Amino acid sequence: MSRIYNFSAGPSMLPEAVLNKAAEEMLDYQGSGMSVMEMSHRSPVYDKIIKDAEASLRKLMNIPDNYKVLFLQGGATLQFSAVPLNLMKTGKADYIVSGQFSGKAAKEAERYGTVNIVATSKDKTFSYVPVVGKEDFSPDADYVHICYNNTIYGTVYNYVPDTGDIPLVADMSSGILSVPVDVSKYGVIYAGAQKNMAPAGLTVVIIREDLLGNALPQCPGYMDYKTQADNDSMLNTPPCYSIYVAGLVYEWILGLGGLEVMEKMNREKAAILYDYLDNSKLFKPTAEKEFRSLMNVCFVTGDADLDKEFCSAAAKAGFVNLKGHRSVGGMRASIYNAMPIEGVKKLVEFMKDFEEKHI
């Protein structure tokens with residue numbers, strides 16, 4: 001059976017080269033006589049796997065030496081709690097709400113302190129990202145939190161908020177590794193791996209070392225960043241296989257030429273789809289142009305029944321998981337790093353044919 005084009009927002013498709021490599025090593029990882037799924041996380045063989053994965057990620061993102069890389073579990077959702085539990089020293093934090101997940105993060109943080117919503121794009125159904133300046137932030141805030149790429153609404157930050165001396169925290173789950181990022185501008189970057197890095201189960205946290213050691217008394221030991229850093233992400237059994245696959249993905253991107261090359265490929269893919277949408281008489285993109293995501297392209301026909309018909313027809317043609325999030329409807333084509341340009345081109349061809357039959 002031939003592989004379909006999977007436009008899921010996550011878990012998403014993985015590079016075929018990575019899947020083939022993992023398949024080759026499934027029963028016998030490099031002569032160890034066992035699968036990575038079976039081996040002890042304390043073994044010398046696995047120790048090399050996790051250290052190599054970290055080294056590759058550091059190289060990819062040019063992570064400064066004064067940042068720790070943690071391989072954790074619980075998804076980005078657990079980090080909605082972990083961030084305030086580790087950073088709310090004075091009990092105050094600023095949040096920019098540009099979509100559902102940043103809203104959930106802000107609500108969760110309210111359990112542990114005072115949350116100030118600096119700005120929100122809810123007024124226009126999160127079709128844009130609020131633009132804020134240094135003067136908009138609370139001078140006594142412990143940190144500023146953003147969601148870099150908004151999976152549900154298809155928007156992305158086209159700038160890095162200037163927070164001055166206040167640490168900037170970013171949920172980069174659906175945008176990480178899609179373009180180069182200046183890590184030094186952030187205090188904390190966290191990301192669920194199931195969109196652009198690995199199978200579900202792994203969460204990566206990149207944190208500046210001076211932010212370690214400030215966990216609130218009620219912070220569970222597992223969620224204390226310093227405890228995890230001191231134990232090299234081995235406080236308990238980590239998501240071993242997901243970390244292994246993430247390492248393969250990092251190597252794959254490095255082999256292509258790094259994040260600069262990845263960005264060029266992603267911009268080319270997104271342009272093909274957005275250019276069609278901008279000129280279509282049937283489909284319309286929903287995000288404001290200057291804030292359009294490279295990873296999640298959201299669009300509608302304006303007719304819910306026609307949207308449903310399109311998604312059904314697309315699935316039969318081999319283009320699956322194009323239905324928009326249940327909270328907004330419409331369609332969403334998630335074109336993460338692993339989506340080949342051929343997949344986007346063929347989707348556009350299908351959409352053109354569908355449009356001709358329904359105009």
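Q: Which residue is the bridge partner of D94 in β5?
A: In β5, D94 is bridged to V144. This is a predicted model: local features need pLDDT of at least 70, side-chain atom pairs count only at pLDDT 80 or more, and totals for chains, interfaces and linings use all residues. Residues are numbered from 1 along each chain as its sequence is written, and side-chain values use heavy atoms, with hydrogens and water left out.

Q: What makes β3 and β5 a pair?
A: Two strands pair if DSSP finds at least two bridges between them. Strand β5 (residues 144–147) shares 2 bridges with β3. The pair therefore qualifies. Its sense is parallel. The strands themselves are DSSP runs (E, at least two residues), as are helices (H or I, at least four), numbered from the N terminus.

Q: How do you know that β3 also pairs with β4?
A: DSSP finds 6 bridges between β3 and β4 (residues 114–120), again in the parallel sense. One of the residues to look at is D94, whose bridge partner in β4 is N116.

Q: What handedness does the β-α-β crossover from β3 to β4 have?
A: The chain leaves β3, passes through helix α4 (residues 100–109) and enters β4. The crossover is right-handed: with the strands pointing away from the viewer, the path from the first strand over the helix to the second runs clockwise.

Q: Why is β3 called largely enclosed?
A: Buried means under 20% relative accessible area, exposed over 50%, and partly exposed in between (1.4 Å probe, protein chains only). In β3 (residues 92–97), 5 of the 6 residues are buried, so the rest of the structure largely encloses the strand.

Q: What makes β2 largely enclosed?
A: Strand β2 (residues 67–72) has 5 buried residues out of 6, so it is largely enclosed by the rest of the structure. Its partner β10 (residues 203–208) runs antiparallel to it, joined by 6 bridges. Within this pair, K68 stands opposite I207.

Q: Why is α6 called roughly perpendicular to α7?
A: Angles under 35 degrees count as roughly parallel, over 145 as roughly antiparallel, 65 to 115 as roughly perpendicular and the rest as oblique. The axes of α6 (residues 240–256) and α7 (residues 259–279) cross at roughly 85° and come within 7 Å. That angle makes the helices roughly perpendicular. Axes here are lines fitted to C-alpha atoms, for helices over the stretch in contact, and angles run from 0 to 180 degrees between N-to-C directions.

Q: Which residues make the contact of α6 with α7?
A: Contact means heavy atoms within 4.5 Å. W252, I253 and L256 contribute from α6, and L259, V261, M262 and M265 from α7. By class, 7 are nonpolar, with no polar and no charged residues. Ala, Val, Leu, Ile, Met, Phe, Trp, Tyr, Cys and Pro count as nonpolar, Asp, Glu, Lys and Arg as charged, and the others, Gly among them, as polar.

Q: How do you know whether W252 is buried or partly exposed?
A: Its relative accessibility is 21%, so W252 counts as partly exposed. Its contacts, not counting residues up to four places away in sequence, are P15, A17, V18, M262, N337 and A338. The C-alpha atoms of W252 and V18 are separated by 7.2 Å, although the two residues lie 234 apart along the chain.

Q: What makes α7 roughly parallel to α9?
A: Helices α7 and α9 (residues 341–358) pack at about 10°, with axes 9 Å apart. At that angle they are roughly parallel. Residues of the contact include E268, K269 and I272 of α7 and I341, V344 and K345 of α9. The contact divides into 9 nonpolar, no polar and 5 charged residues.

Q: What makes β11 and β14 edge strands?
A: Each pairs on one side only. They belong to an open, antiparallel sheet of 3 strands in the order β11-β12-β14. β11 and β12 (residues 296–300) share 2 bridges, and P285 stands opposite F299. Helix α7 lies across the sheet strands, running at about 15° to β12.

Q: Why is F126 called buried and N321 partly exposed?
A: F126 has a relative accessible area of 10%, so it is buried. N321 has 46%, so it is partly exposed. Phi is positive in F126, at about 55°, although it is not a glycine. N321, also not a glycine, has phi near 60°. F126 sits in the loop between β4 and β5; N321 is in the loop between β13 (319–320) and β14.
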